[in-house]
Amino acid sequence: MMKLSDFKVLTFDCYGTLIDWETGIYNGLKPLLAKRKTQLTKDQVLEIYARHESDQQSMTPSLAYSQLLAVVYKRLANEWNIAVPDYEANIFGASVPDWPEFPDSVEALAYLKQHFKLVILSNVDRISFRGSNARLKVEFDEIYSAQDVGAYKPSNKNFDYMLAHLETDFDFKPSDVLHTAQSLFHDHASANAYGLASAWIDRRHSQDGWGATMPPPGLPTVDFHFKSMAELAEAHRAELEELQGSKLANG
């Protein structure tokens, strides 16, 4: 039976998994939403946002995320027939460092850092991630961003890049890696394609729909399913306690 303790490195998606990007996105769009004549629910806003972001990432894979967000803001404004100044779109583009961490992320990462290498694979630019990293209060062993790769997940280039660097920089094989993420669309479908074990951090377990991510192609399989990072850390802690108990029992 597969165990969390079988792995040497946890590779993380950040936004949606460690950082509450849906809250960050929605808050950042409030100046635009205030100009709409009719109101949308939060999930409706996020679903429309997901469509535009995913399309823009496919169209301009080398555009830095902060710049891409500004373009997406303008795209939403155009769809809703709202005129917005460039500075307003740019404020949204620069908002990533303001996106809050999930309440359990910091403590869970501090615990996991004691037992695994921690690596980021995220659709972000380096400068934007710097603010998020400060919120998470942990030193990641490596950070692989869309800016480094020149493409956004779910492009295969991201996992090609990550796996190549994990092998050359750390001598990790795919069997050493547990990919840990919320998005079935951006992450778990690709993890399946590469034969990687994965842990689903199901942050939207109590909500319907896909929120700020596009629906996945089919339903990817996952090896572990947790509602939060706290649940993952607790499951690993329980594994170690069980292992220690077995050793004591066997003398």
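**Glu22, the nonpolar cores and helix α7**

Trainee: Is Glu22 buried or exposed?
Mentor: The relative accessibility of Glu22 is 9%. Buried means under 20% relative accessible area, exposed over 50% and partly exposed in between (1.4 Å probe, protein chains only). At 9%, therefore, Glu22 counts as buried.

Trainee: At what pLDDT do side-chain atom pairs count?
Mentor: Residues are numbered from 1 along each chain as its sequence is written, and side-chain values use heavy atoms, leaving out hydrogens and water. This is a predicted model: totals for chains, interfaces and linings use all residues, local features need pLDDT of at least 70, and side-chain atom pairs count only at pLDDT 80 or more.

Trainee: With which side chain does the side chain of Glu22 make a polar contact?
Mentor: A polar contact is a pair of N or O atoms within 3.5 Å; within protein, one must be able to donate a hydrogen and the other to accept it, and residues adjacent in sequence count only if both atoms are side-chain atoms. At 2.8 Å, the side chain of Glu22 makes such a contact with that of Arg204.

Trainee: Which helix gives the most to the largest nonpolar core?
Mentor: A nonpolar core is a set of buried Ala, Val, Leu, Ile, Met, Phe, Trp, Tyr and Cys residues joined through side-chain atoms within 4.5 Å. The largest one has 57 residues. Helices (H or I, at least four residues) are DSSP runs, numbered from the N terminus. With eight residues, the helix that gives the most to this core is α4.

Trainee: Which residue caps the N-terminal end of α7?
Mentor: The backbone nitrogen of Ile127 lies 3.3 Å from a side-chain oxygen of the capping residue. That residue is Asp125.

Technical notes. Helices (H or I, at least four residues) and strands (E, at least two) are DSSP runs, numbered from the N terminus.
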